Amino acid sequence: MTLEERKGLQNNIIQNLVLENRGKLSISGVLDVLSFDDQVVIVETELGLLTVKGEDLRINKLSIDTSEVVIEGEIFSMNYSEKDMDKKGGSLLGKIFK
């Protein structure tokens, strides 16, 4: 997906990430939770795959109907990657969690 295509797509999608004191992350625009444990949560969103890393992570709210997820724990990082990475060879994480 080109940068121009991504910008056009983003104009139609609203997604919010609200991080409170590095301990509570509220995410809207969630399609699915692909993988989770106490250190890594991988969420498929309308804008791509979101990987959240930390310690003692837990999903406190999961509502696919309202497209919301709330993750609590000690959050170290959040990282987006493209949805269609599998078509382009994929990443190591993508292959592990298939």
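The following exchange goes through a predicted model and asks what its labels rest on.

Trainee: How many helices and strands does the chain have, and in what pattern?
Mentor: The secondary structure comes to two helices and six strands. Read along the sequence, the pattern is α-β-β-β-β-β-β-α.

Trainee: How confident is the predictor in this chain?
Mentor: The average pLDDT is 82, and 72% of the residues score at least 70. Over residues 85–89 the pLDDT stays under 50, and the model has five contacts there beyond four places in sequence. Where pLDDT is low, the predicted coordinates should not be read in detail.

Trainee: What makes β4 and β5 a pair of strands?
Mentor: Pairing needs at least two bridges between the strands. Strand β4 (residues 40–45) and strand β5 (residues 48–63) have six bridges, in the antiparallel sense, so they meet the requirement of at least two. V40, for instance, stands opposite K53 in β5. The two strands form a hairpin with two residues between them.

Trainee: How do you know that β5 also pairs with β6?
Mentor: By the same count of bridges. β5 and strand β6 (residues 68–81) are joined by twelve bridges and are antiparallel. Among the partners, T51 is matched with N79 in β6, and S63 stands opposite E68 in β6. β5 and β6 form a hairpin with four residues between the strands, and in this hairpin S67 takes a positive phi near 60°.

Trainee: Which strand does β2 pair with, and over how many bridges?
Mentor: β2 is joined to β6 by five bridges, and the two run antiparallel. Five bridges satisfy the rule of at least two, so the strands count as paired. One of the matches is K24 with E72 in β6.

Trainee: Why is the contact of R58 and E72 called a salt bridge?
Mentor: The cut-off is 4 Å between a side-chain nitrogen of Lys or Arg and a carboxyl oxygen of Asp or Glu. For R58 and E72 the N to O distance is 3.8 Å, which is within 4 Å, so the pair qualifies. R58 is in strand β5 and E72 in strand β6, 14 residues apart, and the pair links distant parts of the chain. Side chains of opposite charge can pair when their charged atoms come close.

Trainee: How many salt bridges does the structure hold?
Mentor: The structure holds two. E68 forms a salt bridge with K61, and their closest N and O atoms are 3.0 Å apart. That distance is also within 4 Å, so the label applies.

Trainee: Are the residues of these salt bridges buried, exposed or partly exposed?
Mentor: Partly exposed covers the range between 20% and 50% relative accessible area. R58 has 42%, E68 has 29% and K61 has 37%. These values fall between the two limits, so R58, E68 and K61 are each partly exposed.

Trainee: What makes G29 buried?
Mentor: Buried means under 20% relative accessible area. G29 has 8%, so G29 counts as buried. G29 lies in the loop between β2 and β3. Leaving aside neighbours within four places in sequence, G29 is in contact with Q15, T45, E46 and S67. G29 and N16 are 13 residues apart in sequence, with their C-alpha atoms 7.3 Å apart. Over the whole chain, buried residues make up 28% of the 98 residues.

Trainee: Which residues form the largest nonpolar core, and which strands supply them?
Mentor: The largest nonpolar core has twelve residues: L25, I27, V30, V33, V41, V43, L50, V52, L57, V69, I71 and I75. β2 (24–28), β3 (30–36), β4, β5 and β6 each supply at least two of these residues.

Trainee: What is L50 in contact with?
Mentor: Apart from neighbours within four places in sequence, L50 is in contact with L17, I27, V41, I42, V43, T45, M78, N79 and Y80.

Trainee: What share of the contacts in the chain join residues at least 24 apart?
Mentor: Among contacts between residues at least 6 apart in sequence, the share is 44%.

Trainee: How much area does the chain expose?
Mentor: The chain exposes about 6400 Å², and carbon and sulfur atoms supply 49% of it.

Definitions and conventions:
Residues are numbered from 1 along each chain as its sequence is written. This is a predicted model: local features need pLDDT of at least 70, side-chain atom pairs count only at pLDDT 80 or more; totals for chains, interfaces and linings use all residues. Side-chain values use heavy atoms; hydrogens and water are left out. pLDDT is the predictor's confidence in each residue, from 0 to 100. Contact means heavy atoms within 4.5 Å. Buried means under 20% relative accessible area, exposed over 50%, partly exposed in between (1.4 Å probe, protein chains only). A nonpolar core is a set of buried Ala, Val, Leu, Ile, Met, Phe, Trp, Tyr and Cys residues joined through side-chain atoms within 4.5 Å. Accessible areas come from the Shrake-Rupley method with a 1.4 Å probe; for residues, only the protein chains shown count as cover.
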